[in-house]
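Visitor: Hi, I'm new to this one. Could you show me around?
Guide: Sure, here it is.

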Amino acid sequence: MERAPQLLRSLSKDARIIEIGPSFNPLAPKRDGWNTIVVDHASREDLLKKYHDQTIDRIEEVDIVWTGGSLADAVPGDRHGTFDAFIASHVIEHTTDIVTFLRAAETLLKPDGVVILAVPDKRKCFDFYRPLSGTADAITAFLERRDRHTLRTHIDYALNMALKPGGAGAWAAGDFQLAEPVCPLTDAPQWHAAAQRPDYTDAHAWVFVPSSFSLMILELSLLGYLDLAVEDIQERHATEFFVWLRKGASRPSDDEARRQRTTLMQRVILELADQARQLPDGPLSETAATLRDQLLRAEYRTAALKRVLAAVQASTGRFGLKRRRFKDLIALAGQDVPANALAPIQHQILLNEATKILHPRKASDDPAGADEDDPTLADNAVLVVPLGAAQFADPLLAAELARERQRSAAVRVVLEAVLSSLGSRSWDKKRFKAIIAKSAQ
């Protein structure tokens, strides 16, 4: 799926959208029929001059010019709480105060509205050597009511900016060419001057990998600064990752909050370790690449199996499976599969498992038994044979992989139990319970 349709996947053209900073490449352009309010830092005339060397025919009329302060204050009050979607592609990293920016999104959206973000992934862009931003940074910027980037931000931004050969500032995960810092140290006076100017001077103030962004949103919500939760986050093969946020953050117990934070902190370490694959002849280049691919494959298998299980649940009534509804739900699930190199894994599992449900074989009394003819297992038996961490050089990656394999195995057990208990005209709940009880033993 192309970039814009993937980001806008939950929206129809009658949705009320506010798009922040689209500049010369809007995601939901009015000319294509989207019901969009455009907010940018300059008028269309000024944007045409600024981006004269780009493809400027997509630059749209700017409805609201926003040059500072809270974005919510720049939007008329009668439009607060009226938008279905708040879209910002490669904007949030430029904001001076990320909490106030996301609070504005909360103010502008309807209760069921969605925040849609495209965010640079530091592993795949010129922020490669920069340290990650943390929740403490976000809180400090908010309490300082920061409306300009700090001297530290300007120095860090310039000192650690890196490009790959040919001046590439964004690249794919498999690009193993050396990234080198590009700003000469003799430019240091300019970095100091940037922080002294009265007008806003641009910089990347916020640096993320997908899990560090999720961790910041979770912690800011737990601390009461935001009321947002990550609905979905998707890593892209190059440059960026996508985020969907919804209002209404959960309020977990202290133990559950600690568990969620620990999991995300560990994932941050894994993602930063994955960055080391790009180091020429680095010690993790082969091992980490293999482990990461296995982990992603296992995660995709789990996601696909869960989609099939959810489709069965939504399609099963007292008289058995509603086949047409099941087929429709599987078709929708196939449309939502991320557009990347591992997409065929999910498509294959969706198709294979759906076929089993629609055309069941003779029921087996052992739902956990793997079908040797199942092509989803043929390349790698990760769903049923957990491997020990000692087999791998990286224990964190190995532990995460083992957990994902166990999740996949559990979902498959339930799905096979459903298959064994689902007749053409009835749903045998007693048999289902017995199979699950036997599997649990």
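Visitor: How many bridges join β4 to β5, and do they run parallel or antiparallel?
Guide: There are six bridges between β4 and β5, and the two strands run parallel. Keep in mind that this is a predicted model. For a spot to look at, find Phe-83, which stands opposite Leu-109 in β5.

Visitor: What about β5 and β9, which way do they pair?
Guide: β5 and β9 pair in the antiparallel sense, over seven bridges. One place to see it is Ala-118, whose bridge partner in β9 is Phe-242.

Visitor: And what joins β8 to β9?
Guide: Seven bridges, with β8 and β9 running antiparallel. Ile-233 stands opposite Val-243 in β9 there. The two strands form a hairpin with four residues between them. In that turn, Thr-239 has a positive phi of about 70°.

Visitor: OK, so what's the order of the strands in the sheet?
Guide: Going across, the order is β3-β2-β1-β4-β5-β9-β8. That's seven strands in an open sheet, and the pairing is mixed. The edge strands are β3 (64-65) and β8 (228-235), each pairing on one side only.

Visitor: How many bridges join β2 to β3?
Guide: Two bridges, between strand β2 (residues 35-40) and β3, and they run parallel. Look for Val-39, which stands opposite Ile-64 in β3.

Visitor: Which strands does α4 touch when it packs on the sheet?
Guide: α4 touches β1 (16-20), β4 (83-89), β5 (109-120), β8 and β9 (240-247). The direction of α4 makes about 145° with that of β5. Helix α8 (residues 210-222) packs on the sheet as well, touching β5, β8 and β9. The direction of α8 makes about 180° with that of β8.

Visitor: Let's stay with α8. How many of its residues are buried?
Guide: Twelve of the 13 are buried, so α8 is largely enclosed by the rest of the structure. Among the buried ones are Pro-210, Phe-213, Ile-217 and Glu-219.

Visitor: What covers the buried residues of α8?
Guide: The cover includes α4, β5, α5 (135-143), β8, β9 and α9 (254-275).

Visitor: How far apart are the end C-alpha atoms of α8?
Guide: They're 19 Å apart. At 1.5 Å a residue, the 13 residues should span 18 Å, so the two figures agree. After the helix comes Gly-224, whose phi is positive, near 90°.

Visitor: Back to the strands for a second. How many residues of β5 are buried?
Guide: Nine of the twelve are, so β5 is largely enclosed by the rest of the structure. β9 is mostly covered too, with six of its eight residues buried.

Visitor: New topic: how many residues has the largest nonpolar core?
Guide: That core has 42 residues. Ile-20, Phe-86 and Phe-101 are the ones with the most contacts inside it. Its largest share, seven residues, comes from helix α4 (residues 98-108). Apart from that core lies another, of 15 residues, among them Leu-8, Ile-87, Ile-116 and Phe-242.

Visitor: Which residues does Ile-20 touch?
Guide: Not counting residues up to four places away in sequence, the residues Ile-20 touches include Val-39, Trp-66, Leu-71, Phe-86 and Phe-101.

Visitor: And Leu-102, is that one buried or exposed?
Guide: Leu-102 is at 0% relative accessibility, so it counts as buried. Its place is in helix α4. Leaving aside neighbours within four places in sequence, Leu-102 is in contact with Ile-92, Ile-217, Leu-226, Leu-228 and Leu-245. Leu-102 and Ser-70 are 32 residues apart in sequence, and their C-alpha atoms are 9.8 Å apart in space.

Visitor: Last one: where does Asp-156 lie?
Guide: Asp-156 lies in helix α6 (residues 151-159). With a relative accessible area of 11%, Asp-156 is buried, because the cut-off is under 20%.

Visitor: What joins its side chain to that of Arg-130?
Guide: A polar contact of 2.9 Å joins the side chains of Asp-156 and Arg-130. Setting aside neighbours within four places in sequence, Asp-156 is in contact with Arg-130, Pro-131 and Met-161.

How values were computed
Residues are numbered from 1 along each chain as its sequence is written. This is a predicted model: local features need pLDDT of at least 70, side-chain atom pairs count only at pLDDT 80 or more; totals for chains, interfaces and linings use all residues. Side-chain values use heavy atoms; hydrogens and water are left out. A nonpolar core is a set of buried Ala, Val, Leu, Ile, Met, Phe, Trp, Tyr and Cys residues joined through side-chain atoms within 4.5 Å. Buried means under 20% relative accessible area, exposed over 50%, partly exposed in between (1.4 Å probe, protein chains only). Contact means heavy atoms within 4.5 Å. A polar contact is a pair of N or O atoms within 3.5 Å; within protein, one must be able to donate a hydrogen and the other to accept it, and residues adjacent in sequence count only if both atoms are side-chain atoms. Two strands pair if DSSP finds at least two bridges between them. Axes are lines fitted to C-alpha atoms, for helices over the stretch in contact, and angles run from 0 to 180 degrees between N-to-C directions. The expected span of a helix is 1.5 Å times one less than its number of residues.
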